[in-house]
Amino acid sequence: MIQLRLTDYEQALLAGVEGAPRQWAMKQLIEVARFFDAEDLVEVSQVHLMADTESLGETGVAFLEGLAQLPTKERRVKIPTVTDPRGADFNAYQRIKQDESFVNLERRADKAFRALGILMTDTCINYQTIIPPVKGEHVAFGDTGSSIYTNSVLGARTNFEGGPSALAAAFTGRVPRYGFHLDRCRRGNTRFVVNQRPRDLSDWGALGGVIGRRMRSYFEVPVIEGIERSPTSDELKHFGAALASYGSTPLFHMTGITPEAPDLASVFDGKAPEPMVIGQSEIDAFMQSFGLKDDKLDVVVFAGPQLSLMELQALGSLLEGRKVHNEVTLIAATSPEIKNASNRMGITSQIENAGGILLEGVCFYQMHAREIGEANGWKRLMSNSAKLINILGGYGYEPTLGSMAACVDSAVAGRIVR
């Protein structure tokens with residue numbers, strides 16, 4: 001077993017010099033470090049924490065409430081800590097028949113997190129809306145989509161940090177130095193050539209899903225060639241979120257685009273492996289794998305990841321002057337900051353006037369999706385997010401994947417438009 005080295009400061013935290021929460025946090029980090037044979041801990045600058053109560057449960061919330069009762073000096077986090085989407089929009093949960101007990105649990109968690117000094121940003125796109133890390137910066141991010149974007153597009157460094165580990169990082173400013181904090185784990189080992197540029201966000205997600213299904217390990221790093229013109233932030237967001245969802249993959253390189261991959265030689269040790277070629281036929285086959293036998297439709301969801309301001313503008317334009325069918329519900333989710341901007345710019349009105357619902361601070365699959373589906377009689381679901389489609393099949397939905405335009409057309413028509 002590798003001997004874990006701790007600094008004097010870390011030893012003091014472990015001894016309880018700064019209180020019980022930091023002592024608990026150090027014990028948590030040491031267990032993770034020993035499991036992954038980490039030699040030491042690395043200082044991190046910020047934390048992104050999974051915070052929804054579907055993950056926490058009653059026991060997790062009660063644990064946080066216990067921490068919140070401690071003296072201020074002991075309970076406050078040491079470094080900036082922001083939150084992933086919560087499980088309820090406190091201003092709109094009644095519109096989707098969300099159970100009051102779930103919402104009350106969310107209120108308790110929210111209050112406890114605030115007492116710990118955590119910033120309730122409630123977003124999975126913190127890299128687009130709060131403060132993006134920079135190349136080489138070590139962070140502790142819990143959401144798979146934010147982690148893969150941060151590692152790959154920004155060149156910062158994180159592993160997928162579960163809730164307890166991320167909270168421990170917030171209390172100490174440290175994580176174990178293993179995995180994608182290490183240079184050797186960031187090298188490419190699988191190669192793909194894309195011979196057809198994806199056409200829209202759903203295609204970018206489908207490409208991520210195609211590659212993700214071919215991943216064999218958390219530590220496998222795919223290198224993608226053939227994307228000649230830089231994708232937008234939203235395109236890379238959908239690609240990475242799907243790749244992480246289907247492949248449990250925290251890092252990819254895209255030659256000539258992502259910061260650690262100026263060329264092929266920069267990301268492979270020795271000769272690059274033979275590539276797997278992906279074209280439009282593979283993307284189309286992926287899309288069709290989520291096709292349904294008939295055109296029945298209950299709900300259209302734009303979430304997973306939350307929508308950027310540009311995505312909301314596109315959605316508002318597609319809905320302008322139209323009406324969502326009375327037998328279909330259309331839902332979009334974004335961050336509180338973007339929701340405020342959307343309100344100010346008239347985009348929210350475009351969506352709501354058409355009969356859509358714009359939720360803030362949530363993401364659909366973290367909102368007790370099975371229960372709200374049962375409460376509303378939703379089963380047939382359509383989305384342009386390949387990540388969301390992947391998850392919701394396990395929540396009792398029959399999902400289908402389509403472009404944003406096709407999703408809107410379907411919502412208006414009251415049936416799936418192919």
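Me: What is the sign of phi at G377, the residue that follows α15?
Reply: We're looking at a predicted model here. In it, G377 comes right after helix α15. Its phi sits near 75°, and the sign is positive.

Me: Which residues of α15 are buried, and how wide an arc do they cover around the axis?
Reply: Helix α15 spans residues 369-376, and its buried residues are A369, I372, G373 and N376. They lie on the same side of α15, because the arc they cover around the axis is only 105°.

Me: What covers the buried residues of α15?
Reply: I can name two helices that are part of the cover. One is made of residues 53-68 and the other of residues 386-392. Those included in the cover are α3 and α16.

Me: How many disulfides are there?
Reply: A pair of cysteine sulfur atoms has to be within 2.5 Å to count. Take C124: the nearest cysteine sulfur, that of C363, is 4.7 Å away, so C124 is in no disulfide. Looking from the other end, C363 has the sulfur of C124 as its nearest, and C363 is in no disulfide either. The count comes to zero.

Me: Are C124 and C363 buried or exposed?
Reply: Buried means a relative accessible area under 20%. C124 has 6%, and C363 has 1%. So C124 is buried, and C363 is also buried.

Me: How are α12 and α17 oriented where they cross, and what is the handedness of the crossing?
Reply: The axes of α12 (residues 309-319) and α17 (residues 404-413) come within 10 Å and cross at roughly 40°. That angle makes α12 oblique to α17. As for the handedness, α12 passes α17 in a crossing that is right-handed.

Me: Which residues make the contact between α12 and α17?
Reply: Both helices chip in. On the α12 side you have E311, A314, L315, L318 and L319. On the α17 side the contact is made by M404, A405 and V408.

Me: How is α9 oriented relative to α11?
Reply: The axes of α9 (residues 201-212) and α11 (residues 280-288) come within 9 Å. They cross at roughly 95°. That makes α9, relative to α11, roughly perpendicular.

Me: Which residues of α9 and α11 make the contact?
Reply: From α11 come Q280, E282, I283, F286 and M287. Their partners on α9 are S202, D203, A206, L207, G209 and V210.

Me: Which residues of α11 are buried, and which are exposed on the other side?
Reply: The buried ones are Q280, I283, F286 and M287. They cover an arc of only 125° around the axis, which puts them on the same side of α11. What covers them includes α9, α10, α16 and β14. On the other side of the helix, the exposed residues are S281 and Q288.

Me: What is Q280 in contact with, leaving aside its neighbours within four places in sequence?
Reply: Q280 is found in helix α11 and is buried, with a relative accessible area of 16%. With those neighbours left aside, Q280 is in contact with N195, Q196, R199 and D203.

Me: Where is E220, and which residues is it in contact with beyond its neighbours within four places in sequence?
Reply: E220 sits in the loop between α9 and β7. It is buried, with a relative accessible area of 5%. Beyond those neighbours, E220 is in contact with N189, T190, R214, M215, T249 and L251.

Terms used: Residues are numbered from 1 along each chain as its sequence is written. This is a predicted model: local features need pLDDT of at least 70, side-chain atom pairs count only at pLDDT 80 or more; totals for chains, interfaces and linings use all residues. Side-chain values use heavy atoms; hydrogens and water are left out. Buried means under 20% relative accessible area, exposed over 50%, partly exposed in between (1.4 Å probe, protein chains only). The arc is that of the directions from the helix axis to the C-beta atoms. Contact means heavy atoms within 4.5 Å. Axes are lines fitted to C-alpha atoms, for helices over the stretch in contact, and angles run from 0 to 180 degrees between N-to-C directions. Angles under 35 degrees count as roughly parallel, over 145 as roughly antiparallel, 65 to 115 as roughly perpendicular and the rest as oblique. A crossing is left-handed if the near helix is turned anticlockwise from the far one by less than a right angle, and right-handed if clockwise.
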